[in-house]
Amino acid sequence: MQILIRSQEDGVLCPLPEYPLYSASIILHGGTMVPYNLSEDGDWGLEIFEVKRCLEEARIAGLTVRAMVIINPGNPTGQVLSVTNQEEIVEFCRKEGLVMLADEVYQDNVYVEDRKFHSFKKVARSLGYDENDISIVSFHSVSMGFSGECGRRGGYMEICGFGDDVMDEIRKVASVTLCPNIGGQILTSLAMDPPKLGDGCFENFMAEKEDIRLSLAKRAKTLASAFSSLEGMTCNRVEGAIYAFPRIHLPAAAIKAAKAEGMSPDLFYACRLLDATGIAVVPGSGFHQVSGRNKATGTWHIRCTILPGEDKIKVMIPRLKEFHESFMNEFRDRS
């Protein structure tokens with residue numbers, strides 16, 4: 001971001017709902033976020049005509065849009081992009097001269113048979129484009145993925161399609177941070193060089209990895225089904241990553257009560273849920289649920305991780321259902 005952004009006139013396309021790191025980084029470095037909306041009705045898919053509309057409006061407003069952020073698998077939305085959709089995105093960025101910022105930290109977390117993870121670099125190369133045709137920065141992390149080592153902080157990126165002079169500047173900027181934590185360095189080296197076929201631990205490693213993935217897939221399906229069974233709540237299937245992002249249709253009285261408390265409705269719901277059950281979720285307003293022309297209608301969501309063990313989720317769901325029924329009855333429209 002520091003290399004890309006020169007002033008407030010430089011914009012970066014970002015998805016909504018978004019992982020807030022991106023909007024914060026853009027603001028921190030003095031740029032302008034150009035939001036594009038994912039389609040909740042289309043399983044949180046990325047629609048190219050929506051991105052084109054946002055790009056055109058930004059340019060009319062005098063912005064120079066320099067890059068596009070894509071999160072695949074999605075956070076907080078849990079979708080996995082199809083190859084066809086990825087090809088559209090690559091063609092769009094190449095045509096418009098945009099740097100692709102590909103957040104692919106959940107690439108090992110895919111739970112449905114009709115979706116597979118493909119890196120944007122792989123898709124670009126399959127279309128015949130090399131480093132002279134398109135610039136791609138791919139991000140990965142040891143804090144996410146199938147192991148979910150959130151307490152260990154380490155990440156890395158692959159940078160393709162930049163000149164040597166730009167790479168020299170990126171290395172200078174990275175060097176300013178001196179040295180990351182030792183634990184993060186160790187885990188990053190392990191993530192970049194996992195056991196290989198022929199290694200003594202390879203079979204055990206792959207078996208454990210698949211057991212974790214299958215368990216996460218089961219938890220994802222269980223939570224999405226539980227949310228969708230609740231009154232006034234809908235939840236798209238969790239195709240990947242580690243979150244469910246259900247939408248809550250709250251009674252007018254609940255929205256009024258939230259306003260009286262100085263809270264957004266989803267934060268009000270999340271706080272009541274935490275107080276009553278000990279279940280912690282993140283209000284969707286923290287991820288910028290809607291933008292532009294959609295603000296008039298408004299949507300409310302919560303983000304819930306699928307990381308708790310299967311035994312804990314079995315205990316959690318009855319608590320969630322009991323709370324939700326009580327909450328809806330308390331604020332139900334009696335007119």
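Two strands pair if DSSP finds at least two bridges between them. Helices (H or I, at least four residues) and strands (E, at least two) are DSSP runs, numbered from the N terminus.

This is a predicted model: local features need pLDDT of at least 70, side-chain atom pairs count only at pLDDT 80 or more, and totals for chains, interfaces and linings use all residues. Residues are numbered from 1 along each chain as its sequence is written, and side-chain values use heavy atoms, with hydrogens and water left out.

**Exercise 1. Place strand E4 in the structure.**

Find the strand that pairs with E4, and decide how E4 is covered.

Solution.
- Start with the pairing. Strand E3 (residues 64–71) runs parallel to E4, and five bridges link them.
- Pick out one bridge. Ile71 has Asp103 of E4 as its partner.
- Check burial. Buried means under 20% relative accessible area, exposed over 50%, and partly exposed in between, with a 1.4 Å probe and protein chains only.
- Five of the five residues of E4 are buried, so the strand is largely enclosed by the rest of the structure.
- Now split E4 by face. Val99, Leu101 and Asp103 lie on one side, Met100 and Ala102 on the other, and all are buried.

**Exercise 2. Work out the order of the sheet that holds E8.**

State which strands stand at the edges.

Solution.
- Three strands make an open, antiparallel sheet, in the order E8-E11-E10.
- The edges are strand E8 (243–244) and strand E10 (282–283), each of which pairs on one side only.
- Look at E8 and strand E11 (residues 302–305). Two bridges join them, in the antiparallel sense.
- Tyr243 has Thr305 of E11 as its bridge partner.

**Exercise 3. Describe the largest pocket and the largest cavity.**

Give the volume of each, then the make-up of its lining.

Solution.
- Begin with the method. Rolling a probe the size of a water molecule over the atoms shows where empty space is left.
- On a 1 Å grid over the protein atoms alone, a cavity is a set of points where a 1.4 Å probe fits but cannot get out. A pocket is an open set with protein on both sides within 12 Å along at least five of seven lines. Lining residues have an atom within 4 Å of a point.
- Grid points are joined across faces, edges and corners, and a volume is the space filled by probe spheres set on the points.
- The largest pocket comes to about 1,600 Å³.
- Its lining has 41 residues, and Phe139, Gly155, Tyr156, Met157 and Ala174 lie nearest the centre.
- Elements giving two or more residues to this lining include helix H1 (21–28), strand E4 (99–103) and helix H5 (164–175). H5 gives the largest share, five residues.
- Sort by class. Ala, Val, Leu, Ile, Met, Phe, Trp, Tyr, Cys and Pro count as nonpolar, Asp, Glu, Lys and Arg as charged, and the others, Gly among them, as polar.
- The pocket lining then divides into 25 nonpolar, 13 polar and three charged residues.
- Turn to cavities. The whole structure has one cavity of 30 Å³ or more. The largest cavity has a volume of about 60 Å³.
- Among the residues lining this cavity are Pro17, Ile71 and Asn75. By class, the cavity lining has eight nonpolar, four polar and no charged residues.

**Exercise 4. Find the unusual backbone angles in the loops.**

Which peptide bonds are cis, and which residues other than glycine have a positive phi?

Solution.
- Leu16 and Pro17 are joined by a cis peptide bond, with omega about 0°. Pro17 sits in the loop between strand E1 (10–16) and H1.
- Asn75 to Pro76 is cis too, with omega near 15°. Pro76 lies in the loop between E3 and helix H3 (83–96).
- Asp43 is not a glycine, yet its phi is positive, about 55°. Its loop runs between strand E2 (32–37) and helix H2 (48–60).
- Trp44 has a positive phi near 60°. Trp44 is also in the loop between E2 and H2.
- Compare exposure. Asp43 is partly exposed, at 39%, whereas Trp44 is buried, at 3%.
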